[in-house]
Structures are given as C-alpha cells and as structure tokens.
Amino acid sequence: MTGNKSRVWSFFSSVSLTIALLAIIVLFSIIGTIVPQRDATAQLALQIPPGLFSFLQTMQIFDLYHSIWFFLLLGLLSLNLIICSINRLPQAWRHFRAKSFPENLDVFQDLSEDAIINTKQDQKVISEIAGIAMKSRFRNYQRQKTTDGLYFYGDKGRVSYFGVYVVHLSIVILIAGVVIGSIFGIEGYVNIGEGQTVNKINLRDKDQTLLLPFAVRCDRFTIKFYENGDPKTYLSDLTFLKNNQVAAQGQLLVNHPLSFEGFRFYQSSYGLTAESKASLSLFENGKKSQEILVGWGETFVLPGKEGKVNVLRIEGNLMNMGPAVKLAVVSAQGETVFWVFRHIDKIKEMNPGIVQQIPMFNPGLFRPYVFVIGGVQEKYYTGLQVNSDPGLPVVAAAAFLMFVGLMLVFFSSHRQVWLRVDVQWENTRISIAGRSNKNAVGLQRDIKDILARIKKRLETLR
Amino acid sequence: MISTKILSLVTFIYFAAFVFYLFRMTMGRDFWGGLATYTAWAGLIAQTIALVWRWKASYDLGIGHAPLSNFYESLVFFSWTIVFLYLITEGRLKNRSLGVFVLPVSFLLMAFASFSPDISSHIDPLVPALQSNWLTSHVLTCFMGYAAFTVAFGLGIMYFLKIAAAGRKGKMISGFFHLLPDDDVIDELIYQSATQGFIFLTLGIMTGSVWAHHAWGSYWSWDPKETWSLITWLIYALMLHARHVRGWRCRRMALISIIGFACVLFTYLGVNYLSGLHSYLKIS
C-alpha cells in the first residue's frame, strides 16, 4: 500500500470522521426543519430578494433532503461505515474463530473461594455430575482429560462479535434503498370524481403528469361523520382497468392502501367537485321571493335587479359547520362576499354574536335579501396519492437487519466457562472460571447456576 | 369525568413525592425516602387506574381506542412511563437520590396536562388517519424511549450537581453529596438508560415508518417530527459510539444525556410549532 493510499484509507476508517459526518447530518436535518422546504417556499420567495432566493434554490436549500449535498453526505457515511467495518472485521472474525480450549487454562489462576468446591466424592462421579451441570447451560460443551485433571469447556453467543457489523451493514443497505427510491420512485396524486376514469397522475414537485399503464375509475365515494361533525371514515370503491377490461376492484380507506401493477394507491383527501349544486332560497323582508338551483361559477341576477350573484364555492361541510355556499354579490356599491350556511340558526345559537363578529358569516349581508340553503347536492371527488417505490423492499430488509443487529449488540454476549475437576489433598476439587466480552452479569448467572446444580447433586449423594 | 379528576389528583401526588424525595436529600432521613417511594407508587397506581378507566370510558362512548390519541393523553402517558421506569431503576439501584431529578418532570407534564387551559381532556373520536393498529405500538415504543431518556437526563443532572457539590465545603451540601451514588454507578446507569431509550426509539421509528407507509403512502416524509426523531436517534448513536470506541465516560456522558433530552423535548413538543403531518398533538 502506498503512503497516499493508506492515508486516504485511514481517513475513511476513522471514527472521528463518523462522528463528524453524523454531526453534519444532524445540522443539515435541523436546517431542513427551519428553512421551508418544497411547497412551503412560496411565501419565503416574496419576503427575500429574488436574487438570493434563486441562489438558494440553485443550492438546493429548499429541498435539502433530496439535494446533492445530502446524498454526498450519505455516500461519505456509507463509505466510512464500509471501510471502518472492513478494517475491524478481521478482529471480530479472530474472536469468533478463536480456540479457547484446551488453551487459556490460565483462567483458573486467582479464582475466588466461591468458584471452588471441595468434596470427598470420587472423581469419576464428580465428572459425571459436572458434565450434566455444564450441559444445562452449554449444550455443546467439550471435555478433555490431561495429566493434571479433567477439563470442561462451554461457550455461547460467539455471533455477538458481529452485531455491530450487522447494524452498520443495515445502515448502508438502508441508504441504498433510500437512494433507489428517490431516483426510481414516483410520487404522484390525482383527484377522481365519482364515476370518472383517469389514466394520468400529477407528479409531486414537478409540473408534469405521468401516463399510467392502466386506468382507474372511482365507482363510489362514501363519507361518514361522527356526531361532532369530524369525519369518521371516507372510502373509495376503485376499479382498475387494463385495455378497457376490469382487471381488479377494491375498496380504498385511510390506512388501507391498494396496490396495482407496482403502484400503491392511498386515500389522502376528498372534496366536492364543480358539478355539485346547491338549492338557494331568497327572502326579501321575510318573504320568500325566489328559489333556484345553482352550481359552481354560475351567475344569476337578483329579483329586484340590484345586482348579480356569483356562486364562488359550494362546500359539503365547511369547518365542521355543515354545508355552505360562498357568494359574491356585485352591485353598484361594489362587491359583497359572504358565506351562507345551511345550519346558520344552529351556529348562531352555539356562538352568540358570531354574525356581528364575522360579517362574512351573515347570510343577510346584502340588504334587503337574506339567503337560505335548502340543500346541497354533493358530488364528491376522491383525492388519491399514487406512489411507486422500488427501494421499498430494500429499506424493509435493512430495517429487519438493523433490528437483528441491535438485538445482537445489546442482548447477546460471548460467554465462556471453563470447569476443572482435579484431586488435591485426597479431595476432589471442582473449579470454575469464566469470561465474557460484555455481559459480566449474565456470565455470573451461568456460573452460579452450574455451581448450584453441582452442589445440589452432591447433597443428594451424601 | 372521574378519570380526569383522578389524573389531576395524581399531579399533586407526584408533587408530594418530589417534595418527600427532596426532604430525604436535605435531611438525610430515610423515613422521607420510604415515604417518597410509597407516594410515587401510589401515584403510579392511581394513574394506571385512571388510564384504564379512560380507556373503558372511550368504549362506553362507542369510540373505543387506547388513551394515546391526543395531546392530553400523550402528556399523561409520558409522565406514566417516566414514573414507571424510574421506580424500576430505583428498585435496581437501591438508592433514592434520582427521584429528586426525575419526579419533577413527571409532575410538570401532569400539571401541564391538567391545568393548561389550551389542552382539552375530552375523549375524542379517532380521525381516520389514527384508526390503525399501529397507533398503540408506535406511541408505546416512542414514549418508553422518551421516558428512558428522561431517566438518563435526571442522572446527568445528578452527576453535574455532584461534581458542583464536591467543589464546595459545607455541612448541608456534604450531607446531600454523601447520599448520591458513586460516579461509576451513575455513569453505568446513564449508559443503560440511554441504551434502553435508543432501542425503544429505534422501534418507535420503525413502527412509525411502517404505519406511515400504510397511512401516508411513504415510510419517510421528512415531516419535522420524523426529522427530529432522527436527530435524537443520531445524537444517542453518537453517544454510544463515543463510549464504546472513544471511551467517553462520566462528565461527557452526562452532558450528552442532557443535550439528548433537549432533543427529545423538541421532538415531542417543539415540533408542534412547525407545520407537519403529526398534527394530532397540536394544542387546539
């Protein structure tokens, strides 16, 4: 390895780089939650000089999490993780493969009193008891006879040396999955009116549409409300059509997406289409003078020719206060805009003085007329989110691997136990010693349990 | 509602427990320590009963769901997990010093939930996005994580108070100081609590991602809460690495446990002031 290469290598294998990269990613993420991102930038554009805005836009500050900078950081982090792991993996492998038996018998030096049992029993009986006790904690224990005694060895959890590397690998895979998703993934949305069929979706963050290789029809849209007016459920009955043939049908709910040919459909919103109609009644000095059916954008003239009424909006449930229509009366005095609520009497009762506080809620704002809604013929559209993410299985695999890795890191440990049976001053002596890479408590439990089993057997023999 | 009344009573019980822990610290009498522990247990049991009651009440209203669905319920549950984890730690540690630092957090959360005029304690029906089996597992794992980080924070504060006290001489301060556990014990407990929090936060983020994948159509949307949970996760990941690879101990661990807790609080409360998808927790 040349000096230059090894310098690059050691730079990428340093933990300081990991810590620095993680710190920069943290900083980046914080900035991303403070500076408006993507759709939210419109307001900022009006507040700062256009030059600065376009500069920041070129620097991808308004889409930080999908910017070249972010991917660069993720790439560096992956490289750092891979090189760190390559550097340290041989050591873990050595630990994993290490032969601890019959080597490492010096563990019996400096044993505490608790780890030794002396008994008058025959060595042969004791070896049998010791073997059974070892087997209870270490299924594949080994035994070996030497000139100075009989040795047993058991260990478990060798795989724990790899836990950290499994987690690191999972993060590299996760990053790969995220990158695949953001390069090849599709994020779109589409609104479909009841009975309508579409084969195009609008792409998010791009002013483009995408032609789907199939068509989607919304057969029915259903919405249910709680007593307090909050939506309880809304669902769409969808039909997927391939070459004008029905290929699949299904019901789409929030939290219950549907998949078709690699695209996933999500119920994300709903609203009234422009085809919705409202029946309006006009009262003049308390007397009903006219009743008409109006649609979005329609215009009609007031009975006394005082002005013209534009129907601006029709809502099925405005701010949880029920059906409402927004009107603009254009007259000689100018334009008067106000909302007409179906349940205005109830609203007034629950919020006394509301019409005085918010004149726009006054259905009689344009005198001498008072408008009343008889009803709204609701025609809903369903708002669907349409995604396709080829990185998804990769991300899911990474998450699973990370979970396994973390379990290995935090809940597994390599535990080794050596047990010796030898003769000293006409006594049979049992000595037990152990070692663990990170779980001294667990090791103590193993040792205590083995000792307890041996002692119990010894008592029954007496 | 009775459960809400019990919960506002729990606020005072936790305050009393805190005061008793404080008495034990300043007077050094173990009578107060025992009383503090019993009081904290009494509070926890009362709070558990109230939560179960509230759960049942939601079924009686015909909108049955676990009491984990709005800001009020999340504050109550957060304080519950903190006391729960604290009492377990106290039992393992066999030292009551930590109570002075952890109980006030629980008390403040309960006081905020019970007495802030902006927070509604109504049992509301679930909006469609929250109608998912993932709700319970996501909220449970996240708050277990938050609570473990809170315990680590309490330990961090305790550590700094201890070194501040060690620098001074004085009868009262030294009495105070003798009751605190050794540096090594504090360090080990900070590490254990942070690890516990890290595992739960990881699970919380994972369950959240799976849920987001089902509900919002994307496992990760860079919503401020998601981003801040990632920031918190990275901070604690840094902490664990610095300890294992760089051998960081006591003072630095205590410092990160405090910084990390600030991130936890921001993830929980701060992001409510930023716009995003996790708007269920908004203060009306």
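Two strands count as paired if DSSP finds at least two bridges between them. With 8 bridges, S7 and S8 of chain A clear that bar, and they run antiparallel. This is a predicted model, so keep that in mind as you look around. Here's a quick tour, starting with that strand pair and ending where the two chains meet.

**The sheet in chain A**
- S7(A) and S8(A) form a hairpin, with 2 residues between them.
- In that turn, A:Asn243 has a positive phi of about 50 degrees.
- To find your place in the S7-S8 pair, look for A:Asp237, which stands opposite A:Gln251 in S8(A).
- On to another pair: strand S6 (residues 209-225) and strand S7 (residues 231-242) of chain A are joined by 10 bridges and also run antiparallel.
- Here A:Val216 stands opposite A:Phe240 in S7(A).
- Zoom out and you get an open sheet of 8 strands in chain A, in the order S8-S7-S6-S5-S4-S18-S10-S9, with antiparallel pairing.
- Which strands sit at the edges? They are strand S8 (245-253) and strand S9 (258-260) of chain A, each pairing on one side only.
- Neighbouring strands of this sheet are turned by 40 degrees against each other on average, direction ignored.

**Long helices in chain A**
- Helix H5 (residues 68-97) of chain A has 30 residues and reaches 42 Å from its first C-alpha to its last, close to the 44 Å expected at 1.5 Å a residue.
- H5(A) bends by about 40 degrees at A:Arg88, and a proline, A:Pro90, follows within four residues.
- Three residues of H5(A), namely A:Asn80, A:Leu81 and A:Cys84, are buried.
- How far should the 20 residues of H10(A) span? At 1.5 Å a residue the answer is 28 Å, and the end C-alpha atoms are indeed 28 Å apart.
- The buried residues of H10(A) include A:Val395, A:Ala398, A:Ala399 and A:Met402.
- Part of their cover comes from helix H7 (163-184) of chain A, together with helix H7 (183-215) of chain B.

**A long helix in chain B**
- The 31 residues of helix H2 (residues 30-60) of chain B should span 45 Å at 1.5 Å a residue, and the 45 Å between its end C-alpha atoms agrees.
- Among the buried residues of H2(B) are B:Gly33, B:Ala36, B:Ala40, B:Leu44, B:Gln47 and B:Arg54.
- What covers them includes helix H1 (2-27), helix H3 (71-93) and helix H4 (99-115) of chain B.
- Just after H2(B), B:Gly62 takes a positive phi of about 80 degrees.

**The nonpolar cores**
- The largest nonpolar core has 99 residues, and B:Ala17, B:Val76, B:Leu103, B:Ala147, B:Leu155 and B:Ile190 touch the most other members.
- Helix H5 (residues 134-166) of chain B supplies the largest share of this core, 15 residues.
- Leaving out residues up to four places away in sequence, B:Ile190 touches B:Ala152, B:Leu155, B:Gly156, B:Met253, B:Ala254 and B:Ser257.
- A second, separate core has 38 residues, including A:Val216, A:Leu272, A:Ile373 and A:Tyr381.

**Where the chains meet**
- How many residues does each chain bring to the contact? Chain A brings 28 and chain B brings 30.
- On the side of chain A that touches chain B, the elements giving two or more residues are helix H2 (15-34), S7, strand S10 (263-272), strand S18 (380-388) and helix H10 (392-411).
- H2(A) gives the most to that side, with 10 residues.

Key
Residues are numbered from 1 along each chain as its sequence is written. Chains are lettered from A and ligands numbered from 1 in the order in which they are written. This is a predicted model: local features need pLDDT of at least 70, side-chain atom pairs count only at pLDDT 80 or more; totals for chains, interfaces and linings use all residues. Axes are lines fitted to C-alpha atoms, for helices over the stretch in contact, and angles run from 0 to 180 degrees between N-to-C directions. A nonpolar core is a set of buried Ala, Val, Leu, Ile, Met, Phe, Trp, Tyr and Cys residues joined through C-beta atoms within 7 Å. A residue is buried if 20 or more other C-beta atoms lie within 10 Å of its own, exposed if 12 or fewer, and partly exposed in between; C-beta atoms are placed from the backbone. Two residues are in contact if their C-beta atoms, placed from the backbone, lie within 7 Å. The expected span of a helix is 1.5 Å times one less than its number of residues. The bend at a residue is the angle between axes fitted to the seven residues ending there and the seven starting there.
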